[in-house]
Amino acid sequence: MLRTELGIATFEDLLYHYPYRYFDRSQITKIGTINGNTEYAQFAGTLINLGTEGDGRRSRLVATLFDETGRIELVWFANINWVKKNIREGEKYIVFGKIANFNGYYNISHPEIEPLNSETNIPGRQPVYPTTEKLRVKGITNRSFAKLTTALFEKVKLHDIVEVLPANVLSAYGLCGRYYALLWLHFPDTELHEQMARRRMKFEELLISQLLIGRLRLQHTVQQGWVFSKVGDNFNTFYSDHLPFQLTGAQKRVLREIRQDTATGKQMNRLLQGDVGSGKTIVALMSMLLAMDNGFQACIMAPTEILAQQHFFGISKLLEEMGITIKLLTGSVKGKERKQILSELADGTLQLVAGTHALIEDSVQFKNLGLAVIDEQHRFGVGQRARLWTKNAHPPHVLVMTATPIPRTLAMTMYGDLEVSVIDELPPGRQEIKTVHRRDATRASVMEFIRKEVDKGRQAYIVYPLIEESEKLDYESLMAGYEQVKIWFIDDKYRIAMVHGKQPADERQRNMARFVKGEANVLVATTVIEVGVNVPNASVMLIESAERFGLSQMHQLRGRVGRGAEQSYCILMTGNKVGEESVKRINIMVSTTDGFKIAEADLEMRGPGDMYGTKQSGVLKFKLADIVQDAGILEQTREAAITLLNTDPKLTLPQHQPLRNMIARQGKDSHWGKIS
Ligand code: ADP
Ligand code: MG
């Protein structure tokens with residue numbers, strides 16, 4: 001039962017089944033002072049009116065406890081005979097439990113009850129354990145847990161608990177020993193001890209993950225990689241003759257970093273961070289040309305068909321005059337065409353390919369893949385990234401590009417093994433996007449505004465939410481919205497296109513292409529357009545039901561406009577009634593366009609688990625630690641991990657043995673071993 005419900009199979013598991021809060025049982029509350037807000041309380045008083053009510057299976061035992069300020073009813077529905085035998089009218093008791101309000105009378109069902117006399121030991125803080133409804137019904141309550149752990153600590157003594165942290169780490173960071181940490185986590189005698197215990201166990205959790213990352217990083221640095229020894233014709237010709245603009249200083253710097261990495265003979269694992277619109281694509285393309293110059297193949301992988309197509313078209317166009325071919329491989333490329341591409345990749349005649357997950361299927365073999373660019377990384381599972389490794393003798397150099405900036409704490413935990421490049425400069429001439437919040441009531445003026453923009457020759461996006469749980473309703477409102485938009489733009493000179501995930505791929509592609517080419521003035525869409533789509537002429541992004549979007553999603557969508565020289569606008573449309581959290585998100589959007597600030601706020605509001613699809617990866621699963629709240633501890637563990645690995649890279653010293661064992665165990669459980 002404990003095993004199926006909570007995964008507790010051994011005493012050790014029980015030791016790590018931490019309480020999530022404590023009852024303060026050092027206080028005795030006067031019965032007369034309880035009110036609607038009292039949750040749990042402890043009373044001392046005299047028991048009277050003991051008796052059974054109801055009959056048969058529904059009977060219950062009731063009693064009243066009174067002190068000098070008031071009275072409260074106690075109720076038992078189970079174990080009645082046993083309770084009856086152990087309590088007596090007229091005696092004094094100390095009673096603890098959850099206060100319920102029944103028809104205006106306060107009561108406690110199944111209270112903890114103990115005779116009150118000179119020997120009564122008033123407990124201090126009492127642990128409250130996570131449990132499940134199923135267990136409670138079976139009579140395994142919080143008290144059962146507390147009894148089990150109490151018994152456990154009668155057996156488990158100081159020397160039974162192996163200290164995993166080296167003594168110098170304990171003293172450098174002022175941490176308590178492991179035995180006391182566990183003891184105080186379950187039974188903190190003071191608040192200070194509880195804090196010490198928590199800090200210590202959080203430190204341990206985070207240190208282990210930082211050591212795992214640190215070791216991966218070390219592995220990368222010894223991992224053999226292809227050598228890109230020269231900058232050749234492809235790169236140089238493109239740079240001097242076909243680059244449509246001047247590179248920004250930041251783009252140049254990142255290219256230099258990539259160039260340095262790939263020349264060393266070690267495998268590159270680089271994370272390219274840059275806000276939406278900062279111009280990551282061109283950096284990717286030029287890195288791919290560098291790979292070609294050195295006789296290697298290169299691929300760029302995107303999370304959706306639309307994005308992969310866009311990279312394909314965009315790069316094809318840029319390389320057109322140079323006579324370089326790139327092909328597209330996605331799930332919808334089938335039959336003869338697919339066969340042809342596969343054989344060209346295998347024999348090396350095709351050097352550049354753009355695609356989706358289809359690129360990492362087993363059937364796809366490269367002759368000599370030298371560079372893999374992964375765009376909009378967070379949609380890719382960690383495991384998928386790892387599969388690129390198996391494509392040839394040496395792993396390819398890997399350039400991971402993120403769609404939104406990653407807060408430092410997340411970067412440290414999720415990508416701590418990667419080198420980081422940042423494009424912190426937008427291409428020149430960009431104007432800040434004006435963002436406003438509008439309510440349904442003002443729709444007419446909003447549409448009027450969009451029409452004016454369109455009349456100036458601009459294009460507009462209108463985006464509807466789509467979430468799986470309410471998919472059907474969402475599609476209905478998308479369709480209804482589409483009909484509405486057609487009415488607002490009823491004049492013959494306007495063209496409206498629509499894209500959504502239920503359309504057949506070719507239809508979606510056609511509609512998207514109409515917008516990209518400027519044939520459609522307005523694009524009505526779901527979030528399939530979210531990442532990467534690039535139409536510089538678009539100047540308005542209208543987000544419908546904005547209250548339902550997350551921060552980074554809105555930031556992504558907003559990044560679709562403001563890509564040209566024109567002033568651009570983002571309009572966040574909501575109903576008239578909007579929840580507090582949504583208002584907070586919308587206000588953040590209105591107040592800043594800085595992707596790093598938005599990412600930080602998002603992380604704070606949502607927690608790391610929901611972000612970046614990391615929930616299933618195990619990378620961010622900590623029992624106690626929270627990388628947002630415990631950012632300070634995280635920094636310390638990073639520092640400690642670096643120091644540890646500097647002196648003992650493989651953790652082979654005897655004092656590091658327990659740590660090493662722990663890491664070996666945890667490393668197996670997560671997908672860590674294979675990241676990127
Ligand atoms: P993201 O970083 O979001 O992927 P893109 O690579 O799609 O951004 O670039 C956004 C837009 O900026 C594109 O239209 C691109 O052509 C343009 N761009 C990129 N770099 C520069 C530059 N140095 N100067 C002018 N425009 C640029
Ligand atoms: Mg992009």
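Which residue in E7 does Ile94 stand opposite? Glu114 is the one, and we'll come back to that spot below. What you're looking at is a predicted model, with 23 helices and 21 strands in its secondary structure. Two open sheets with parallel pairing get most of the attention here, one of seven strands and one of six.

**The big picture**

- Taken along the principal axes, the C-alpha atoms fill a box of roughly 100 × 70 × 45 Å.
- The protein has 676 residues, and buried ones make up 52% of them.
- Take the contacts between residues at least 6 apart in sequence: 75% of these join residues at least 24 apart.

**How far to trust it**

- The average pLDDT is 86, and 92% of the residues score at least 70.
- Residues 612-618 are a weak patch, with pLDDT below 50; the model still gives this stretch 20 contacts beyond near neighbours in sequence.
- Residues 670-676 also stay under 50, and here the model has 28 contacts beyond four places in sequence.
- Where pLDDT is low, the predicted coordinates shouldn't be read in detail.

**Antiparallel pairing around E5**

- Strand E5 (residues 92-102) pairs with strand E2 (residues 40-53) in the antiparallel sense, over seven bridges.
- In that pairing, Ala44 stands opposite Ile94 of E5.
- Ile94 also stands opposite Glu114 in E7; strand E7 (residues 112-115) is antiparallel to E5, with four bridges between the two.
- Strand E6 (residues 105-109) is another antiparallel partner of E5, again through four bridges, and Asn101 has Tyr106 in E6 as its bridge partner.
- E5 and E6 make a hairpin with two residues between them, and Asn103 in the turn has a positive phi of about 50°.

**The seven-strand sheet**

- The strand order reads E11-E12-E10-E13-E14-E9-E15, in an open sheet with parallel pairing.
- Strand E11 (326-329) and strand E15 (419-423) sit at the edges; each has a single partner strand, so one side of each is left without a neighbour in the sheet.
- On average, neighbouring strands in this sheet are turned by 20° against each other, direction ignored.
- Looking inside the sheet, strand E10 (residues 297-301) and strand E12 (residues 352-355) run parallel and are joined by four bridges, with Met301 opposite Gly355 in E12.
- Helix H11 packs on this sheet, its direction making about 160° with that of E10; the strands touched by H11 are strand E9 (269-274), E10, E12, strand E13 (369-375), strand E14 (397-401) and E15.

**H10, H11 and Ser287**

- Helix H10 (residues 249-262) and H11 have axes that come within 10 Å and cross at roughly 30°.
- That angle makes H10 roughly parallel to H11, and H10 passes H11 in a right-handed crossing.
- On the H10 side, the residues that meet H11 are Gln251, Val254, Leu255, Ile258, Arg259 and Thr262. Their counterparts in H11 are Ile282, Val283, Met286, Ser287 and Leu290.
- Ser287 belongs to helix H11 (residues 280-293).
- Is Ser287 buried or exposed? Ser287 has 2% relative accessibility, so this serine counts as buried, the cut-off being under 20%.
- Leaving aside residues up to four places away in sequence, Ser287 touches Leu255, Ile258, Leu371 and Leu399. Leu255 and Ile258 are among the H10 residues that meet H11.

**The six-strand sheet**

- This open sheet runs in the order E16-E21-E20-E17-E19-E18, with parallel pairing.
- Strand E16 (434-439) and strand E18 (496-499) are the edge strands, and each pairs on one side only.
- Neighbouring strands here are turned by 20° against each other on average, direction ignored.
- At the E18 edge, the partner is strand E19 (residues 522-525), parallel to E18 over four bridges; Met498 stands opposite Val524 in E19.
- Helix H16 (residues 443-455) lies across E16, strand E17 (459-463), E19, strand E20 (538-543) and strand E21 (569-574), and runs at about 160° to E20.
- Helix H20 (residues 580-591) packs on the sheet too, touching E16 and E21, with its direction at about 145° to that of E16.

Methods:
Residues are numbered from 1 along each chain as its sequence is written. Chains are lettered from A and ligands numbered from 1 in the order in which they are written. This is a predicted model: local features need pLDDT of at least 70, side-chain atom pairs count only at pLDDT 80 or more; totals for chains, interfaces and linings use all residues. Side-chain values use heavy atoms; hydrogens and water are left out. Two strands pair if DSSP finds at least two bridges between them. Axes are lines fitted to C-alpha atoms, for helices over the stretch in contact, and angles run from 0 to 180 degrees between N-to-C directions. Contact means heavy atoms within 4.5 Å. Buried means under 20% relative accessible area, exposed over 50%, partly exposed in between (1.4 Å probe, protein chains only). pLDDT is the predictor's confidence in each residue, from 0 to 100. Angles under 35 degrees count as roughly parallel, over 145 as roughly antiparallel, 65 to 115 as roughly perpendicular and the rest as oblique. A crossing is left-handed if the near helix is turned anticlockwise from the far one by less than a right angle, and right-handed if clockwise.
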